[in-house]
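Trainee: Could you take me through one part of this protein slowly? I'd like to look at some neighbouring strands, and then at the nonpolar cores.

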Amino acid sequence: MNKKISPALAVFIDLLLVYIVCALCRVAYVLENWHLFSAGFGDLSLGSLLRGAFVFDTITLLYFNLPFLLMTFLPLRIKENPKYYSVQRILFVVLNSISAFLNIADSAYYPYTGKRTTMTVFAEFANESNTASIILLETAKHWYLVVFMILVIISYLKLYVQPDYRKTPALRYYIMQCMGLIFTALFFFFGIRGSFTIDTRPKGIRDANIYVDKPSQTAIVLNTPFSLIRSVGHSGFKDPKYFDRQWLDSAYSPVHTPADSAAFTARNVVVIISESLGREYVGFYNNSLDSGSYKGYTPFLDSLIGESLTFEFTFANGRKSIDAMPSILSSLPMIENNFFATPYINNTIGGLSVCLDGKGYNTSFFHGADNGSMGFDSYSRAISYHKYYGRDEYNADSDFGGDADYDGRWAIWDGNFIEFWQKKLDDTPEPFLSTIFTASSHHPFKIPEAFRDTFPEEALPMHKCIRYVDHCYRKFFEHASRQPWFKNTIFVITGDHTNQTNHAEYQTDLGYYCVPVIFYDPSGQLPRGIMPGMAQQIDIMPTLLGMLHYDEPYVAYGRDLLSADSTNQWAFSFIDGTYQYLMDDYVLQYDGQNPKALYNFRKDWMLSDNILESNDSLANEMTTRLRMMIQCYVERMIENRLTDTK
């Protein structure tokens, strides 16, 4: 294959090799995550998948091979120089190997995000000091992907075909080169559009929905280099202008104006955000799993929920930790990009702590990772938390073990850090608001050596971590229940996002967002049991303020779950280019312009029966409601009016 042949034929063979490698990378991606993709394969058209894969692979091929194509067809006689051949070959091998590497590496990251990686990953991990160690660990764990990558590089080196320009008459040479350039220009122009019409715009990430039936399948059609390239510079928002601004302001508002005549009650508030606490792990919610034999992995939380308030359906608004912080603490949903990865990160932001700071609360945020991790310290300060406690503060306290209690990857072990937290709580004057973001239920799924025999390996690596964290919560509540501040405190427990699953019910477009939302009031003033309907992370802030009879207007995109308007049931999420809007018994999937699917999720949790065509009026109503929220959110974000209560 190293025989030198005409430029046109050589380019055809080389690009065919790139297509084959792209296809093999996609196969590897799917096989690596088969347990997550397999449930939806029955609804996926192979022909549609292949068409979509070809379109997005073509775009990636063009972006990465444009320099190679220009070197091939530019009419320069210096191409007869052997050094030119070497540079051209190196360029082809290096650029296409990088493209393959991004696809292969992302196959190991997909389980934690549920989508192809975009440029927001750099903002998400900008403050992490352990990135290198995590990469090394994943490399060792996925050694077979490393072998695959090596084989890809060898294939490019061995199978590359060098164009031959020697002994070509000058006139013929320039004619052929100019034709090659014209072909390259046309190939690029139409290739990035995915069609042979000039009316279409270059394909974006959201266009993957054209080729699939469910948003969770878009990762199969897309490729990671394309997702990275097309997300460059797209972290900001564009006003969709669905509605006239004056009409929208009169029809929809995120401003909550309390009508409660009861006096504000200065009760303590504790918000526990548990890393990767998916609803699947909690036995209380899953009596129907495994023919009724499922017990889950949280015996303490199960007992606590029995004395708490929760809801029939409970959802996260995003798939990452940095999506959860604004949703839970500021009632800001994740729309298109998480708040931390947008140009609006320095906007004036409201939140639970902002409201309670004005009522004289002592506020604190705890996260046992490195100070600066995930940007949580800066965000907590931006929303008026007085004190932030991270790994630095833990190590500075001589009553604790310092870095001897560090898990080696992410943070101080939850058991040790929760003891540190409870010590600080006991010394905090009332009323207080305190939030803790736990970390031990996280990849690489380690627990302290002392608990290895107590919580051995189970069906999934995550399960032993969840049992360990549940044990830590038991110890905390045993201690807290003996403190004078306990009965004057409202506790909220939720997960930031989901993680590993082994039940098909949690491997759907809705299942990927199922986390607990639990309100626990030891004083008994709060109703107990499972209320009908749904709750989501952005509902936590307005519900807590409602419980406290907060008496000032504030901005929140969620709803007070205990208000008189609690019959207005809805929830929201954004999954890889598609909005999901739940209302009453239905979920609408919307691509930003048009509804794509409608399901009755109560009867059809697996989302197998799309009833959009037979329910136009309902779909239109849900689309209108969703559009109002999106436009309002985007306009306020762009104009820095997230706290404007007028």
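Mentor: Here is a walk along three strands, followed by a look at the cores. Keep in mind that this is a predicted model.

Let's start with strand S13, residues 586-590. Four of its five residues are buried, so you'll find this strand mostly covered. On one side S13 pairs with strand S12, residues 578-583; the two run antiparallel and are joined by five bridges. On the way from S12 to S13 the chain makes a hairpin with two residues between the strands. One residue to click on in that turn is Asp584, which has a positive phi of about 55°.

S13 also pairs with strand S14, residues 595-600, again antiparallel and through five bridges. This hairpin has four residues between its strands, and Gly592 takes a positive phi near 105° there. Now find Gln589 in S13: it stands opposite Gln580, and it also stands opposite Ala597 in S14.

Next, the cores. The largest nonpolar core has 79 residues, and among those touching the most other members are Val271, Leu352 and Leu544. Helix H20, residues 616-638, gives the most to this core, with eleven residues. Zoom in on Val271: leaving aside neighbours within four places in sequence, its contacts include Ile328, Leu329, Leu352, Leu433, Val492 and Leu544. Apart from this core lies another, of 72 residues, with Leu301, Tyr473, Tyr512 and Val587 among them. Val587 brings you back to where we began, as S13 covers residues 586-590.

Definitions and conventions. Residues are numbered from 1 along each chain as its sequence is written. This is a predicted model: local features need pLDDT of at least 70, side-chain atom pairs count only at pLDDT 80 or more; totals for chains, interfaces and linings use all residues. Side-chain values use heavy atoms; hydrogens and water are left out. Buried means under 20% relative accessible area, exposed over 50%, partly exposed in between (1.4 Å probe, protein chains only). Two strands pair if DSSP finds at least two bridges between them. A nonpolar core is a set of buried Ala, Val, Leu, Ile, Met, Phe, Trp, Tyr and Cys residues joined through side-chain atoms within 4.5 Å. Contact means heavy atoms within 4.5 Å.
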